[in-house]
Amino acid sequence: IEGTIFKVIVENDEQVELSFARTWDPHSSPTSKHSPLNIDKRFIMLRGCSGFYSYAIYEHVEDMPAFNLNETRIAFMLSMDKFHYMAIADDKRRSMPLLEDRSPSRSQQLAYPEAVLLVDPVEPEFKGEVDDKYQYSCENKDNQVHGFICFDPPAGFWQITPSNEFRTAGPLKQDLTSHVNPTTLAMFVSAHYGGEDVVIKFGSGEPWKKVFGPVFIYLNSVSDQNDALSLWDNAKEQMRKEVQSWPYSFPASEDFPHADQRGTIRGRLSVLDRYIGKEAIRANGAYVGLALPGVVGSFQKECKGYQFWTRADDQGQFSISKIRAGDYNLYAWVPGFIGDYRYDDAITITTGCSIDMGDLVYEPPRNGPTLWEIGVPDRSAAEFYVPDPNPMYINRLYINRPADRFRQYGLWERYAELYPNEDLVYTVGESDYCKDWFFAQVTRKTGDNAYKATTWRIKFKLDNIDQAAGTYTLHLALASANSSELQVRINDPEANSPHFSSGLIGSDNAIAWHGIHGLYWLFSVDIQSAQLMQEDNTIYLTQARHTTPFQGVMYDYIRLEGPPSSSS
């Protein structure tokens, strides 16, 4: 995306803005490496500002062919001699190996190229560690500042993202941050942790334009080398200032609307589950957002437009400001409840508008009373059993860190070690999902590049089967799926045809890339009472695809409901 046209957009005592643009040539060779896009990259410097801003305008117009945009980003490759200390969060700061340590003479490649075992690093302190850039991934909502510190001279290089509006696939989408090289990334579009579902797909002649950024590249320094680590605290403070300044007033492009050209929306969201209570309860902590119009839950696969998100307070009240003008749907999901909310009508944001949505009520999927449940409906598998890593493959940053233990390499291999003879069996009323439910249903290795499907069993008792009412419901909420097919059988593991099959779903690769979730899936399976037995019953969950070690699913939450109750 190198520019071929250079322009000075703004030049005065207070600001310089430069443009490096490239217009796609419709007569270019079919083998050209240039994507069919017009791209205008901008760089801004302000007087008295310790850093620079960058943004880009991408456009697909009528004479351009169809194509897929898998990834676009800004990548900064820093001096290998200087920047060795990385910081991406208060509890994720460390000295990093060198790029040389990843060379074949000093490392051993593991299951995929990005992951290597350091066997002879330049600095002996890193020997025996795994280096893998995906171990430092972060959700969009938390990915605001990261970078590197140099100790001699003591200086910091930081990538600050003041808004998520131009990022894709919602607030929980995970992506890369900084990693060995040293590299610092501003990710705009990627298939990471979403796969094919989050690739931007353009039809022939499809009109589209989007502004990515601005992001801020901040540089800071101190005089005393002993104070170098304080540069991280200073970078966080600068990040908060940038967030408060959004949307910036200085970008010159007419495609970037300033604050007075944007709108605001507010309201209150409640949840009504009649099997919990007759009255609606406040949607405490709900994720509420605007994204392009679509179907229920489509925001997590939406990548062409802009998205604006917030968290509701303990009363379910929400307010979203600084929204670009346009047509949107309002989407939401509530921790503690399955499914997604979408306001039925499109919402039009205009310049300076302030829209009060009033009281909104979400009725989550529910057909009958809860008979049993496994897990917590929060779109993550973090509450399930995440094993200790193989001591041969560790990242010392995550040792004794329960909240991040899933970031260790190779945890998928631990399943067969923990269940060497038979697959997982979970007994309702006896088992503890924190200890007895493995975080991912993966394949089982049977030989070199050979794997087989796994079948997990949920055993439970029914004292009384409601033959008259007829239908029970099994809700299966998945936190991740990668080239998987989830099959359900009821009390007959040998049934030729499963009672339910998801079909082939997902390509988020979260199992390999140490993400405790990818994209969210929800399946509600009807079970007729004739298929159940008095007393002992077993549900068989088979992940049927098994050509690689990374095919599998992570469960978010499972619930069996009884038939509808007339008293509800």
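Let me start at one small contact: serine 270 has arginine 282 as its bridge partner in strand S21, and that pair belongs to an antiparallel pairing in which S20 and strand S21, residues 281-282, are joined over 2 bridges. Before I go further, please keep in mind that what we are looking at is a predicted model.

Staying with strand S20, which covers residues 263-271, we find that 5 bridges join it to strand S24, residues 317-323, and that these two strands run antiparallel. If you want a place to look in the structure, take arginine 268, which stands opposite glutamine 317 in S24. The pairing of S20 with strand S28, residues 354-362, is of the other kind, since 7 bridges join them and they run parallel. Here the residue to pick out is leucine 269, whose bridge partner in S28 is leucine 360. As a general reminder, the strands of a sheet pair through backbone hydrogen bonds, and they may do so in parallel or antiparallel fashion.

Let me turn now to another sheet, an open one, in which 3 strands are arranged in the order S6-S17-S16 with antiparallel pairing. Strand S6, residues 72-77, and strand S16, residues 178-179, are the edge strands, each of them pairing on one side only. Between S6 and strand S17, which spans residues 183-189, the antiparallel pairing extends over 6 bridges, and within this part of the sheet isoleucine 74 stands opposite alanine 186 in S17.

The loop between S16 and S17 is where proline 182 is found, and the peptide bond leading into this proline from asparagine 181 is cis, with omega near -5 degrees. A second cis bond runs from aspartate 152 to proline 153, with omega near 0 degrees, and proline 153 likewise sits in a loop, in this case between strand S13, residues 145-151, and strand S14, residues 154-160. For context, most peptide bonds are trans, and most residues other than glycine have a negative phi.

That brings me to two asparagines with a positive phi. Asparagine 449, although not a glycine, has a positive phi of about 55 degrees, and it lies in the loop between strand S32, residues 444-447, and strand S33, residues 450-452. Is asparagine 449 buried or exposed? With a relative accessible area of 71%, asparagine 449 is exposed. Asparagine 491, again not a glycine, has a positive phi of about 65 degrees, and its place is in the loop between strand S36, residues 486-490, and strand S37, residues 500-501. Asparagine 491 counts as partly exposed, because its relative accessibility is 21% and buried would require a value under 20%.

Finally, a few words on the cavities. How many cavities of 30 Å³ or more does the model contain? The count comes to 3, and the largest cavity has a volume of about 170 Å³. This largest cavity is lined by 15 residues, and those lying nearest its centre are Leu172, Lys173, Gln300, His517 and Gly518. Taken by class, the lining of the largest cavity divides into 8 nonpolar, 5 polar and 2 charged residues.

Note on methods:
Residues numbered from 1 in each chain as written. Predicted model: local features only at pLDDT ≥ 70, side-chain atom pairs only at ≥ 80, totals over all residues. Heavy atoms only, no water. 1 Å grid on protein atoms, 1.4 Å probe; cavity = no way out; pocket = protein on both sides within 12 Å on 5 of 7 lines; lining within 4 Å. Points joined across faces, edges and corners; volume = space filled by probe spheres on them. Nonpolar A, V, L, I, M, F, W, Y, C, P; charged D, E, K, R; others polar. Pairing = 2+ DSSP bridges. Helix = DSSP H or I, 4+ residues; strand = E, 2+ residues; numbered from the N terminus. Buried < 20%, exposed > 50% of the residue type's maximum accessible area, 1.4 Å probe, protein only.
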